[in-house]
Amino acid sequence: MPIEKISTEVLVIGGGGAGMLAALEARKHGAEVLLLTKTVLGGGSCTALSFGAFRASRNAAEREDHFNQSLAAGRDLNDRELLRILVEQAPDRVRDIEALGVPLVREGPFLQVLGRAPFFGLVLTKALTAAVRAAGVGVLSKTLALDLLREGDRCAGLLAYDLENQRLIIVAARAVILASGGSGALYSWHDNSPRNTGDGYALAARAGVRLRDMEFVQFYPLCLVEGGRYRMIIHETLGDIAPIRNARGEDLLVKYDIRERPVALKARDALSQAIFREMTLGSGGGSGVYLDLTGLDDHIWDEFSTLRAYKDVLLTTYPGRERPLEVGPVCHYFMGGAVVGPTGRTSLPGLWAAGEVAGGLHGANRLGGNALSECAVFGPIAGADAATQLSRSPGPNVGRQAAEDWLVRLERWRAEPGPSGAPVQELTRQLARTMYDQAGIIRRRSGLLAAGEEVERLAARLESGGQGSDPADILRSVELFNLIAAARLVIAGALARPASLGAHCRED
């Protein structure tokens, strides 16, 4: 397999909102910038699939309310310095995004992207993609990040795999920004891109970067699951104005004494746990949970633009006028990640992190609207600091040993599966089912230990090789390799925290 070596000043890993904004800011500061993404630029990211809602205050009183609400949602585990930066800078940073041609409208505490339900974020990523290309940022698309490269005590680049040309690439860099998103695909029910496979957590862990709070995984409670499949997120406002009932007709907000409002913004953890109990543990008969839209007057849907956008989807595409719609909680966001300071620097010199891959800002549970605001604020902060704090150029031999090690692993995976071998897709599905059932919304020590044993069994099966030589098989094998690393981090964090807090619920 050929090995190519290239170099850049600033390397950005990740093609979502945080990555593109970091790349734009680094370029604005005069740095040569290369952005690497395993899909196409702007595609396959949670930014593209998002609500498109930025939480951004209009005055001092709203900023203080934003700060306090975020602390309450995060159960006071938030990094207060990071949170204060978010609250103070979000309004100006979001207006910078609007200046790129993103249409925004004010809806209460949010600046909302105007688009089509349910993926308003596509409007945002389209504008950011155009801006990145216009700024002269180099782009490596359909390229997998395999391992961060170290030279002594600092980060010196990345080893990557070009899927289309089936070659290894050593990217020597004077600064690296990790902005690769979270790991929603670790769970069988999620609303993330299937490519959101914990790559950044795995890269950071293998490089010895400090991580925190990996036990805190947020599930969004109100997702349409008609026909036993995840269909779409339901707008959070509907959780307050339409009844949420179990199969017996009991109102779940009353039954579980969930009082925070808006419930799907401030009490995502409590509502997800309540619905999961009804669906899985049988306290409501062991059957479905339903959102009843049949009694809503038409004028309610016209309250603001995003709700109007959902009206046709939920009442026409799906039979929301005729009967209650089945809902369920799906993995939505990871609060944990790399430990970062106010400029995005990690514990490894030469490496920055921004967006969902970074931990600390959200504490034990994220307040709705803070994810895109985090990208808007901390992507540019990391980009600016990386561009002005460049390390010396890496030496000529950086990455050589890592490339040799990965050549061995990739050749083992590229062998054809044996007669008793399970395809990598099935191994991934087994991991996702295990994590949702045993290390997801409600956890017990026995279940976490069982999940850990299953993760190691799947890891041994993957390492035994024989996953296939097609580029898609290589992609899935690398993703499973990283998902296994993320699973270990989540399970270890959950076992280490015996008390329930926020999105981490230990039933025992």
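A pocket here is an open set of grid points with protein on both sides within 12 Å along at least five of seven lines. In this predicted model, the second largest pocket has a volume of about 410 Å³. Its lining runs to 18 residues, and Pro194, Arg195, Gln425, Thr428 and Arg429 sit nearest the centre. Two elements, α14 (424–438) and α16 (471–496), each put two or more residues into that lining. Helix α16 provides the largest share, with 6 residues. Sorted by class, the pocket wall is a mix of 8 nonpolar, 5 polar and 5 charged residues.

Since α16 gives so much to this wall, the helix itself deserves a look. Helix α16 is 26 residues long and covers 38 Å between its first and last C-alpha, close to the 38 Å expected at 1.5 Å a residue. Its N-terminal end is capped by aspartate 470, which has a side-chain oxygen 2.8 Å from the backbone nitrogen of alanine 472.

Closed-off space is a separate matter. The count comes to 2 cavities of 30 Å³ or more. The largest cavity holds about 70 Å³ of space. Around it are Leu82, Val340, Gly341, Gly344, Ala353, Ala354, Gly355, Ala358, Gly359, Leu361, Glu374 and Phe378. Strand β18 (358–359) and helix α12 (370–388) supply at least two lining residues each. By class, that makes 7 nonpolar, 4 polar and 1 charged residues around the largest cavity.

The second largest cavity comes in at about 40 Å³. Its lining consists of Val217, Gln218, Phe219, Asp269, Ser272, Gln273, Asn365, Ile441 and Ala503. The elements giving two or more of these residues are β11 (217–224) and α9 (268–281). The class split for this second cavity is 4 nonpolar, 4 polar and 1 charged residues.

Leu82 leads from the largest cavity to helix α3, where Leu82 is one of the buried residues. The length of α3 (residues 80–98) checks out: at 1.5 Å a residue its 19 residues should span 27 Å, and the end C-alpha atoms are 27 Å apart, so the two figures agree. Even so, α3 has a kink of about 50 degrees at alanine 90, shortly before proline 91. Both Ala90 and Pro91 are buried. The other buried residues of α3 are Leu82, Leu83, Ile85, Leu86, Val87, Arg93, Val94 and Ile97. At the start of the helix, aspartate 79 brings a side-chain oxygen to within 3.0 Å of the backbone nitrogen of glutamate 81.

One loop residue also stands out for its contacts. Lysine 38 lies in the loop between β2 (33–36) and β3 (53–55). With a relative accessibility of 15%, lysine 38 counts as buried, because the cut-off for that label is under 20%. The lysine 38 side chain has polar company too. One polar contact, of 2.8 Å, links the side chain of lysine 38 to that of threonine 197. Another, at 2.7 Å, runs from the lysine 38 side chain to the side chain of aspartate 199.

Note on methods:
Residues numbered from 1 in each chain as written. Predicted model: local features only at pLDDT ≥ 70, side-chain atom pairs only at ≥ 80, totals over all residues. Heavy atoms only, no water. 1 Å grid on protein atoms, 1.4 Å probe; cavity = no way out; pocket = protein on both sides within 12 Å on 5 of 7 lines; lining within 4 Å. Points joined across faces, edges and corners; volume = space filled by probe spheres on them. Helix = DSSP H or I, 4+ residues; strand = E, 2+ residues; numbered from the N terminus. Nonpolar A, V, L, I, M, F, W, Y, C, P; charged D, E, K, R; others polar. Expected span 1.5 Å × (residues − 1). Polar contact = N/O pair within 3.5 Å; in protein donor to acceptor, adjacent residues only side chain to side chain. Bend = angle between axes of the 7 residues up to and from the residue. Buried < 20%, exposed > 50% of the residue type's maximum accessible area, 1.4 Å probe, protein only.
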